[in-house]
Amino acid sequence: MTGPSLTELINRRLSRREMIGKTALAAAAFGLGCRHSCTPKQQEATSSPNKASQPRPRSFTEVAPGIDDHLHVPEGYQAQVLLAWGASLEDGSDFPGDLSRITADEQRQRFGTHCDFTAFLPLPDLDGVQRGLLCVNHELTIARVMFPDMPPGRRASAPLLSQAQCETELAAHGHSVVEIRLGPEGWRVVPSPLTRRFDGGSTPFELRGPAAGHARMQTSEDPSGRRVIGTVANCSGGVTPWGTVLIAEENVDNYFGGQLGDGQERANLERFGIDGRPDFGFWRFWDRFDVSKEPREPNRFGWMVEYDPRDPKRPPVKRTALGRFSHEGAACTVSEDGRAVLYMADDSGMEYLYRLVSDGPASAGGHLLDHGTLSVARFDSDGSVTWLDLIHGQGPLTKEHGFNDQGDVLIETRRAADRLGATPMDRPEGIAVDPKTGRVYVALTYNRYRAPEAVDAVHPRARDAHGQILEIMPPGPQGHGAKKMRWDALIRCGDPARHEGTKYGDGLTERGWVSCPDNLRFDPSGRLWVCTDGMERDGLTCDGIFLCPVAGEGRAVPRRFLRVPTGAECTGPSFTPDGRTLFVSIQHPGAHYDATLAKPRSRWPHQKEGRPPQPAVVAIRALDGGIIGGDPKEGV
Ligand code: FEO
Ligand code: CA
Ligand code: CA
Ligand code: CA
């Protein structure tokens with residue numbers, strides 16, 4: 001039997017929900033947005049690329065590599081700063097005072113910092129105006145460029161911060177939902193009954209699925225093990241076929257301090273990278289972040305959160321059936337028999353790639369993701385991928401090995417995957433499923449931990465500094481529930497002129513080489529876009545976003561579309577359904593380890609003395625309103 005396609009399911013779901021939401025939305029006032037267009041310097045002057053790299057008609061001229069404090073888009077495009085750290089969620093306007101002194105109460109009401117994942121969810125046009133919800137993660141805070149008088153260095157601020165500053169940091173984490181509308185001058189934020197804000201210190205989350213209520217999830221504050229305050233480290237995410245949004249809890253090990261005890265949880269804490277020396281100072285003020293007092297609190301983080309942006313009354317849920325690890329994001333699709341399939345990555349060196357196949361049909365929605373089969377990938381040198389099921393009682397996942405029930409398997413997902421012989425990977429991050437072919441693309445960003453003796457067929461480079469994008473082929477476009485698939489490398493990254501072991505298609509320009517791939521996203525025309533996080537380490541260029549077709553002429557040939565300011569990563573790309581706007585997060589501009597608020601390495605986007613750098617979501621559009629990256633029907 002062939003199940004409904006992902007698009008069909010989303011459309012069905014949206015048309016049902018839009019009828020409910022329309023009345024309330026029509027009543028929302030139309031507010032004035034604050035917009036900053038880019039200065040002329042931020043648009044690339046067209047330099048003449050060599051003949052082999054001449055862009056085809058209606059395409060774009062690749063942005064040049066380089067390092068500076070500007071956002072660069074190709075000639076003919078414009079970047080608009082839509083929402084910067086501290087902005088009003090009602091109209092997008094900047095924080096009116098000194099951002100370095102923003103209080104926790106103010107921050108809880110405003111756009112958080114260090115934006116990552118974005119999702120654009122269209123709402124029905126209102127009087128011909130295109131509009132939608134923009135859902136944005138706020139991954140972390142970096143105190144040295146957030147507050148006055150902090151020292152440089154990664155962890156140096158943690159012992160010095162006041163409780164009020166730590167409270168502001170927790171408030172700057174989490175997630176924002178705003179409504180945006182497209183007018184003649186670009187996108188603007190408007191007041192909406194759907195505006196929403198989750199943060200790290202005050203938002204309650206339900207815990208559901210097999211590990212909810214487990215003894216190892218119970219704490220003094222929550223003896224039920226079913227309710228937790230806050231979400232942190234929200235990196236990437238995904239949109240489900242039933243219209244909900246998934247937001248991933250990634251580097252949660254950075255949040256817990258204190259002495260590790262010798263009890264049951266010690267090995268678990270260590271396996272999760274919790275060593276009592278966190279980046280953040282929260283444990284100095286709140287017992288739940290101190291593992292000597294609450295050793296089970298970390299078990300309540302590292303999950304995938306699901307919420308319904310069109311139903312603010314429904315609480316967000318941490319779905320334990322999806323496993324506990326450094327969740328990067330979730331690529332959601334539908335299997336041949338109509339079940340939901342989520343591909344998920346654990347972004348740490350030598351960790352794994354996971355898949356969940358729901359028990360029920362994707363069309364059911366609701367609490368569907370509480371019941372399913374979680375599995376982990378083993379890659380073999382014969383070109384096969386095998387999915388190994390993480391089910392209590394099967395194979396080594398038994399009492400004898402410390403797994404008393406499925407809750408234990410999920411709380412210690414990584415250790416369970418170790419036991420099954422999964423393939424340790426080079427930091428899997430972005431995943432995207434090709435809507436046409438069903439092929440699954442996985443970005444392995446880079447991995448300084450793979451020793452020469454640990455290279456294998458899928459990771460042939462020891463201490464790979466540049467990463468790669470894998471291509472996984474299920475048996476057929478919707479064969480996502482299959483036990484076995486095939487794999488190959490789409491590209492192996494790096495500059496072919498300088499680095500060993502690269503792989504690209506024919507026709508790569510001097511500007512098109514890519515390194516440290518992170519988020520992946522297919523645009524509505526079915527072309528793959530690749531965001532990078534880490535290219536500046538190489539000393540030649542800031543990060544950016546690249547168009548990298550996976551089919552036809554130009555397959556596996558990235559082309560550089562955008563370059564971010566110094567210190568920033570380019571992350572969280574999403575497109576409007578017409579392909580004419582690209583939203584992207586500019587995260588941690590100027591946040592080098594030696595930077596402080598007094599001596600920032602960036603003042604993007606305002607470039608004014610005394611202003612800190614502000615992470616922000618930008619909206620990219622072509623000046624002629626055309627499709628981002630050119631219209632593929634015109635040969636691009
Ligand atoms: Fe937060 Fe793996 O990126
Ligand atoms: Ca990030
Ligand atoms: Ca990432
Ligand atoms: Ca990354």
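**A strand hairpin, a helix and two calcium sites**

In this predicted model, strands β14 and β15 form a hairpin. Four residues lie between the two strands. One residue of the turn, Gly338, has a positive phi of about 85 degrees. The strands run antiparallel and are joined by six bridges. Within this pairing, Ala330 has Met344 of β15 as its bridge partner. Strand β14 is buried along its length: eight of its eight residues are buried, so the strand is largely enclosed by the rest of the structure.

Strand β15 (339-346) also helps to cover helix α6. This helix spans residues 413-420. Its buried residues include Thr413, Arg414, Ala416 and Ala417. These residues cover an arc of only 160 degrees around the axis, which puts them on the same side of α6. An α-helix has 3.6 residues a turn, so residues three or four places apart point the same way. The cover over the buried residues of α6 includes further strands, among them β16 (349-351), β17 (353-361) and β18 (372-379). Helices α4 (266-271) and α5 (406-411) contribute as well. After α6 comes Gly421, with a positive phi near 80 degrees.

Strand β14 returns at the calcium ion (ligand 3). The protein donors of this ion are Glu328 (OE), Glu429 (OE) and two OD atoms of Asp518. They lie 2.3 to 2.8 Å from the ion. Along the chain, the donors follow the spacing E-x100-E-x88-D. Glu328 belongs to strand β14 (residues 327-334), and Asp518 to strand β25 (residues 517-522). The pair thereby links distant parts of the chain, 190 residues apart. Both Glu328 and Asp518 are buried.

A second calcium ion (ligand 2) sits 4.4 Å from the calcium ion (ligand 3). The protein donors of ligand 2 are Asp116 (OD), Glu139 (OE), two OE atoms of Glu569, and both OE1 and NE2 of Gln587. Their distances from the ion run from 2.3 to 3.1 Å. The six donor atoms subtend angles of 43 to 171 degrees, which makes the arrangement irregular. For comparison, ideal angles at a metal are 90 or 180 degrees for six octahedral donors. The spacing of the donors along the chain is D-x22-E-x429-E-x17-Q. Asp116 lies in strand β3 (residues 115-126) and Gln587 in strand β30 (residues 582-587), so this pair ties together parts that are 471 residues apart in sequence. Asp116 is buried, with a relative accessible area of 1%. Gln587 is buried too, also with a relative accessible area of 1%.

Glu429, a donor of the calcium ion (ligand 3), is also a partner of Thr445. A polar contact of 3.3 Å joins the side chains of Thr445 and Glu429. Thr445 lies in the loop between β22 (440-444) and β23 (468-473). Its relative accessibility is 0%, and Thr445 therefore counts as buried. A polar atom of the Thr445 side chain lies 3.1 Å from the backbone oxygen of Pro517. Beyond its neighbours within four places in sequence, Thr445 is in contact with Asp426, Arg427, Glu429, His466, Gly467, Cys516, Pro517 and Asp533.

Technical notes. Residues numbered from 1 in each chain as written. Chains lettered and ligands numbered in written order. Predicted model: local features only at pLDDT ≥ 70, side-chain atom pairs only at ≥ 80, totals over all residues. Heavy atoms only, no water. Donors = N, O, S within 2.8 Å, 3.2 Å for Na, K, Ca; no water. Tetrahedral: all angles 85-135°; square planar, octahedral: opposite > 155°, others 65-115°. Buried < 20%, exposed > 50% of the residue type's maximum accessible area, 1.4 Å probe, protein only. Polar contact = N/O pair within 3.5 Å; in protein donor to acceptor, adjacent residues only side chain to side chain. Contact = heavy atoms within 4.5 Å. Arc of directions from axis to C-beta. Pairing = 2+ DSSP bridges.
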